[in-house]
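Visitor: Could you take me through one part of this model up close? I'd like to see how a helix packs against its neighbour, with enough of the surroundings to place it.

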Amino acid sequence: MTEQFPLSYAVPTALLLIALVLKFPTLVRAWRDPDVRATTLLLSFATVVLVVITPVNIARLNELTGVPNIASPWAYSFLTAFCATGLTMIMRWREEPSPRRRRRMRRVYWIYAGIVVALWVTFLLADVPEPRIYDLDTYYAGTPWMREHILLYLSAHMVSSLVATSMLWKWFPRIENRWLKSGVVCLQAGFASGLVFDAAKLTALTARWSGHDWDVLSTRAAPPFALLEAVLVAVGFIVPQVGPSLQNRIHERREYRQLRPLWSAVRDVVPSTLSPRSVRRMPLGLRLVQRQQRIHDALRILAPHLDRDLYRRARRLAPEGLGEDEARGLAGAVTVRAALDAHRGDEPARASLGRREPGADLSDHIDAISQALRHPHLIDSIRQRVTTTESVDTDVS
């Protein structure tokens with residue numbers, strides 16, 4: 001950990017803070033959901049760890065409390081809580097709710113709570129008068145009780161990473177949900193980074209005990225892997241929860257925009273009682289439902305002017321190479337445009353009304369019709385060809 005690389009702390013800390021802020025509204029809405037609470041706790045623990053281990057904050061804690069190296073039990077306690085929360089979340093994902101799962105999760109919490117207590121006890125018993133901001137672990141590697149303090153947090157972290165990696169490895173082949181699978185990949189990479197962190201730290205400590213100076217492994221090589229672990233594990237737990245809702249939101253926004261041409265064409269048929277500002281304040285999903293509903297209402301009002309013969313002729317005249325949905329959408333766009341002209345001109349209902357109108361066909365393809373309305377020249381061309389064909393048929397008759 002060196003001052004030369006402040007961004008190595010600032011960037012992951014900022015990412016975790018952003019994730020925590022984005023997660024907070026979900027916590028407020030669904031605070032009873034244990035998965036939501038656990039994810040929020042995990043993000044909080046990871047963020048606090050990164051905040052505490054930043055060199056400038058270590059120095060500030062020493063100054064504010066007057067206790068040299070007090071940042072050590074603080075950071076390692078939150079790291080231990082982070083490990084426990086991660087393990088229990090994996091258990092929640094892998095296993096169905098059961099008394100056995102609850103017992104296992106309680107056991108994890110109690111074990112890691114005991115480790116947190118032991119961390120504070122060993123720190124209070126240790127004699128560490130010299131503040132060490134960058135090389136605490138190796139500097140006090142041989143100090144009674146501080147040695148146990150360091151080994152305790154490293155052992156707890158390494159065991160949790162090994163157990164989590166093992167559980168995820170066995171579970172991965174059975175996962176079918178792609179968002180969950182992506183999250184598990186991030187988790188595996190994160191816990192693997194944690195194991196590299198532990199290996200580098202333990203190697204540096206072992207070198208100290210044997211009289212060698214490999215402190216660079218602890219002060220330079222290990223910290224980036226700890227930062228990477230915090231971010232990857234947090235992302236791994238967030239992706240399966242946020243991914244589906246984000247995907248749904250993207251789908252809703254795309255569909256909302258796709259319906260804009262058709263909505264713009266028929267909006268005068270069903271005037272809205274809501275102001276544009278009120279509509280903008282609605283959630284996107286509600287706005288999409290409202291737009292779909294008003295399009296269907298407009299088609300019902302236009303039903304007396306929807307000409308099935310025109311729909312069929314336009315369908316036959318659709319350019320070659322169009323897919324079935326595109327051809328139906330183009331025929332529907334021609335029919336809707338003709339119905340709108342008739343409706344605005346107060347023309348009487350067509351004689352073909354006695355037969356089944358194409359309203360059902362149109363209602364089932366409003367997305368395709370809306371996309372076709374983006375090509376007004378093609379629609380006008382087909383309408384003109386249909387009209388010409390009708391005139392020829394009439395003259396022949």
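Guide: Helices first: the chain has 17 of them and 0 strands. Keep in mind that this is a predicted model. Of the 397 residues in the chain, 44% are buried. If you take contacts between residues at least 6 apart in sequence, 76% of them join residues that are at least 24 apart.

The part to zoom in on is helix α4, residues 71-94. What length would you expect for its 24 residues at 1.5 Å a residue? The expected value is 34 Å, and the first and last C-alpha atoms of α4 are 35 Å apart, so close to it. How much of α4 is covered? Mostly covered is the fair description, with 20 of the 24 residues buried.

Now for the neighbour. Two packed helices are described by the angle between their axes and by the distance between those axes. For α4 and helix α5 (residues 99-125), the axes come within 10 Å and cross at roughly 170°. Anything over 145 degrees counts as roughly antiparallel, so α4 is roughly antiparallel to α5. On the α4 side, the contact is made by Pro73, Trp74, Tyr76, Ser77, Thr80, Cys83, Ala84, Leu87, Thr88, Met91 and Arg92. Facing them from α5 are Arg101, Arg104, Met105, Val108, Tyr109, Tyr112, Ile115, Val116, Leu119, Trp120 and Phe123. Sort the residues of this contact by class and you get 16 nonpolar, 3 polar and 3 charged.

Leu87 turns up again elsewhere. Leaving out residues up to four places away in sequence, Ala164 touches Leu87, Ile90 and Phe191. Ala164 itself belongs to helix α7, and it is buried because its relative accessible area is 0%. There's also a C-alpha separation to note here: Ala164 and Met89 are 75 residues apart along the chain, yet 9.9 Å apart in space.

Step back along the chain from α4 and you hit the loop between α3 and α4, where Asn69 is found. Its backbone is worth a look: Asn69 has a positive phi of about 65° although it is not a glycine. Buried or exposed? Asn69 is buried, with 3% relative accessible area. For a second case, go to Trp145, another residue other than glycine with a positive phi, near 70°. Trp145 is found in the loop between α6 (136-139) and α7 (146-171). At 42% relative accessible area, Trp145 is partly exposed.

For a second helix pair, try α2 (residues 34-53) and α3 (residues 55-65). Their axes come within 5 Å and cross at roughly 75°, which makes α2 roughly perpendicular to α3. Here α2 supplies Val51, Val52 and Ile53, while α3 brings Pro55, Asn57, Ile58 and Leu61. By class, that contact has 6 nonpolar residues, 1 polar and no charged ones. A bit before Val51 in sequence sits Leu50, whose C-alpha is 8.7 Å from that of Ala10, 40 residues away along the chain. Ala10 lies in helix α1 (residues 7-29), and it is partly exposed at 40% relative accessible area.

Further along the chain is helix α8 (residues 178-209), which holds Lys181. With 28% relative accessibility, Lys181 counts as partly exposed. Among residues beyond four places away in sequence, Lys181 touches Phe172 and Ile175. The C-alpha atoms of Lys181 and Trp171 are 9.8 Å apart, for 10 residues of sequence.

One last helix lets you run the length check again. Helix α12 (residues 284-302) has 19 residues, which should span 27 Å at 1.5 Å a residue, and its end C-alpha atoms are indeed 27 Å apart. Which residues of α12 are buried? They are Leu284, Arg287, Leu288, Arg291, Arg294, Ile295, Ala298, Leu299 and Leu302. These residues cover an arc of only 145° around the axis, so they sit on the same side of α12.

Key
Residues numbered from 1 in each chain as written. Predicted model: local features only at pLDDT ≥ 70, side-chain atom pairs only at ≥ 80, totals over all residues. Heavy atoms only, no water. Helix = DSSP H or I, 4+ residues; strand = E, 2+ residues; numbered from the N terminus. Expected span 1.5 Å × (residues − 1). Buried < 20%, exposed > 50% of the residue type's maximum accessible area, 1.4 Å probe, protein only. Arc of directions from axis to C-beta. Axes fitted to C-alpha atoms, helices over the stretch in contact; angles between N-to-C directions. Parallel < 35°, antiparallel > 145°, perpendicular 65-115°, else oblique. Contact = heavy atoms within 4.5 Å. Nonpolar A, V, L, I, M, F, W, Y, C, P; charged D, E, K, R; others polar.
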